[in-house]
Amino acid sequence: MRAVDIIIKKRDKKELTSQEIEFFIRGFTNGEIPDYQASAFAMTVMLNGMTSHETKDLTLAMAHSGQVLDLSKIVDVVVDKHSSGGVGDKTSISVMPMVAACGLPVGKMSGRGLGFSGGTIDKLESIPGYRVNLTTNEFKQQLKEKGIVLTGQSLDLAPADGKMYALRDVTGTVPSIPLIASSIMCKKIAAGATAIVLDVKVGLGAFMETLDEARKLASLMVDIGHLAGRKTVALLSDMNQPLGNAVGNSLEMIEAIDLLRGNAPVDYLEHCLHVTAHVLVVGGRAKDLNEGRALAEKCITDGSALEKFRVLVQAQGGDVAYVDDVNRFERAKYLEVVNAPRSGFVSQVHARIVGEAAVTLGAGRTKKGDPIDRAVGFIIHKKVGDGVEAGEPLFEIHSNDETKLKAAREAVLSAYGFSDEFVSPLPLFYE
Ligand code: URA
């Protein structure tokens, strides 16, 4: 078999066999198939799609490119929650400690930023010392002792996805249903989660812009989860505008930690409570969503979720002083408050434009391995449905570069739409 023939076959819209997919993923993982062929492969999949059979094979091949953890000797149940990617989506950073504080072990492998969407691992690294490269033994040990692990793609778990993810980020091959489904689900399978909640984002700042596409992605991932014997549930949530107020690595960390202190924008809090309730139900800790929600609220008010986050940060070598005092997070040199150009109701805050503007400020990457600037980003003060007076603060820009700041100002202003008529707030969840 030759990699080039597999690329040609997919280019010509033919279905790949399980053996061909396994051959390609094995060769890519061990370095025999170079990045340029893997990029071409990703592009053919992006353009020509995959059957659900091929997607399942790709998922399993990537999951088995490294170890597949069996955690049943360590804990009875391990839960995980994964987002398909969005702007201002720091949900995992708040929800995982909330779930763990409610008594369910959480073992999660997250990704870095992808295109205009941020990544949990980049955000967590805003805490000095926080290690995102745990070995599988460390993963297991920490899960057993602390009941919570939040790490990056390790060399041992789904390494094919780690390599492919970095290529997709910079080759325009992110928004593909089979590539997203396999990327997310191979990590879940490899890291041993027994119950999974998938938060599939829909809208202008999501990889799936329509409900129809999001539904397809969601049901494909749920099928793959069931095929691998995992309890899997998917929610479809809004990503037309950024979630919460903060966009950018350190700024999002601050908002996520503030939530654990009971101090968060209402949409972000509601989103996290709902996702947590679902995880608690899927993981068997709550009998229904009402009970799950009550537990989720309690772990914030009694401080146990914040304490669990401290435990996590300490266990992974991070400086807990950042959790205790969020003013320690690195701040950008320039902060500009941009005021509303007119009065009315906000009708749009185009999430993709905001996400791309954040990448331009330096919060994301345009080339594989680019360094990122953790301090930069936005605080979005006015969201869809809010009334606004001309001259009132609309958003803040945090930048380390004056030219980039100017470009970001224009971009985010263009992301806003206004109406003279009342505009309803956007729903948080669709299904
Ligand atoms: N999250 C992932 O882990 N992979 C994707 O492709 C998109 C979101």
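**Where domain 2 meets domain 3**

Hi everyone, let me start at the interface: domain 2 and domain 3 together bury about 2200 Å², with 56% of that area on carbon and sulfur atoms. Please keep in mind that this is a predicted model.

To place those domains, the assignment for the protein chain gives domain 1 as 3-49, domain 2 as 79-326 and domain 3 as 331-419. Between domain 2 and domain 3, the C-alpha centres are 24 Å apart. In terms of contacts, 31 residues of domain 2 touch 28 residues of domain 3.

Now for the polar side of things. The count is 15 residue pairs in polar contact between domain 2 and domain 3. On the domain 2 side, the elements giving two or more residues are α8 (159-169), β6 and α11 (249-260). Of these, α11 provides the largest share, 4 residues. There are also 4 salt bridges across this interface. As for a salt bridge you can look up on screen, the side chains of Glu 209 and Arg 352 meet at 3.1 Å, N to O.

Next, the sheet. Four strands make an open, antiparallel sheet in the order β6-β9-β11-β7. Its edges are β6 (246-247) and β7 (334-339), each pairing on one side only. Inside it, β9 (residues 377-380) and β11 (residues 393-399) pair over 4 bridges, and Gly 377 sits opposite His 398 of β11.

Finally, the helices. Helix α16 (residues 351-361) lies across β6, β9 and β11, at about 145° to β9. Helix α17 (residues 402-415) crosses β7, β9 and β11, at about 150° to β11. Thanks, everyone!

Notes. Residues are numbered from 1 along each chain as its sequence is written. This is a predicted model: local features need pLDDT of at least 70, side-chain atom pairs count only at pLDDT 80 or more; totals for chains, interfaces and linings use all residues. Side-chain values use heavy atoms; hydrogens and water are left out. Two strands pair if DSSP finds at least two bridges between them. Contact means heavy atoms within 4.5 Å. Axes are lines fitted to C-alpha atoms, for helices over the stretch in contact, and angles run from 0 to 180 degrees between N-to-C directions. Domain bounds come from an automatic or database domain assignment. Buried area is the accessible area (1.4 Å probe) that two parts lose on being put together, summed over both. A polar contact is a pair of N or O atoms within 3.5 Å; within protein, one must be able to donate a hydrogen and the other to accept it, and residues adjacent in sequence count only if both atoms are side-chain atoms.
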